[in-house]
Amino acid sequence: MQMMGYPASLEYLRRAGVCRDARILFAGIGNPALASDAVGPKTCDRIAVTRGDSLLTGLGFPEIAAVRPGVPGRTGLDTAEQIFLLAEHMHADVIVTADALAAKSRERLQTVIQITAAGMTPGAGLSRGGSPVTRKTMHRPVISVGVPMVIRADLLDDSFAGEPMFVTRAEADAAADCYAGVIAGAVNLALSGNAEISVP
């Protein structure tokens, strides 16, 4: 597995045309109260935020803001719309998202970290997709990081065929904590050059 480290992550930034002093909005998508959906919010809590810190930005660190937009079922607001409005407000040059995904095979469940510059659609894996978070809809580059945390029950057992049920592993909470630390460290390294500034 190739981690989002220093030079792989920088390649994503270079392809997106993002310079090192860019304004970056990090969005940790998901429901923090649900272990299998908490990767995004837990990652967000460990992102090294520099926006508003004139000392760090004066030293050449990029301007980074982090937000946990929640889920529409709890906020009544579309996740993509929140991210777009915040990105517009801070004039973000790039959006980075982290979210839990739905696995398509048993082998990928809680075993990989997926990275894409194609964007993502919150809730799509559970057939509850809202508006997409992509370069086209956000009007700026989007880099998305995700971990398959749930899988459709019928992919594990034919007896569940026809029932829209999703399952996860018993250790989902520990897995979410672990992946949040790995992703936050990689994002901090990619954006600031220092993985150690990840918030504990």
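The questions below ask how some descriptions of this predicted model are justified.

Q: What makes up the protein chain, in helices and strands?
A: The protein chain has 7 helices and 6 strands. Read along the sequence, they follow the pattern α-β-α-α-β-α-α-β-β-α-β-β-α.

Q: Why is serine 36 called buried?
A: Its relative accessible area is 13%. Buried means under 20%. Serine 36 is under that cut-off, so it counts as buried.

Q: Where is serine 36, and which residues is it in contact with?
A: Serine 36 is in the loop between strand 1 (23–28) and helix 2 (39–44). Leaving aside neighbours within four places in sequence, its contacts are Ala100, Met149, Val150, Thr168 and Ala172. Each of these has heavy atoms within 4.5 Å of serine 36.

Q: Why is leucine 101 called partly exposed?
A: Leucine 101 has a relative accessible area of 26%. Buried needs under 20%, and exposed needs over 50%. The value of 26% lies in between, so leucine 101 is partly exposed.

Q: What places leucine 101 beside valine 147 in space?
A: The two are 46 residues apart along the chain, yet their C-alpha atoms are separated by 5.5 Å. Leucine 101 is in strand 3 (residues 94–103). Leaving aside neighbours within four places in sequence, it is in contact with Gln114, Gly146, Val147, Pro148, Met149 and Val150.

Q: How do you know that strand 3 and strand 5 pair?
A: A pair needs at least two bridges. Strand 3 and strand 5 have 9, so they pair, and they run parallel. One detail of this pairing is alanine 103, which stands opposite isoleucine 151 in strand 5.

Q: How do you know that strand 5 also pairs with strand 4 (residues 114–116)?
A: 3 bridges join them, against a requirement of at least two, so they pair. These strands run antiparallel. Isoleucine 115 has valine 145, in strand 5, as its bridge partner.

Q: What makes strand 5 and strand 6 (residues 166–167) a pair?
A: They are joined by 2 bridges, and at least two are needed, so they count as a pair. They run antiparallel. Arginine 152 has phenylalanine 166, in strand 6, as its bridge partner.

Q: Why is strand 5 (residues 142–152) described as largely enclosed?
A: 10 of its 11 residues are buried, so the rest of the structure largely encloses it. Across the 200 residues of the protein chain, 46% count as buried.

Notes. Residues numbered from 1 in each chain as written. Predicted model: local features only at pLDDT ≥ 70, side-chain atom pairs only at ≥ 80, totals over all residues. Heavy atoms only, no water. Helix = DSSP H or I, 4+ residues; strand = E, 2+ residues; numbered from the N terminus. Buried < 20%, exposed > 50% of the residue type's maximum accessible area, 1.4 Å probe, protein only.
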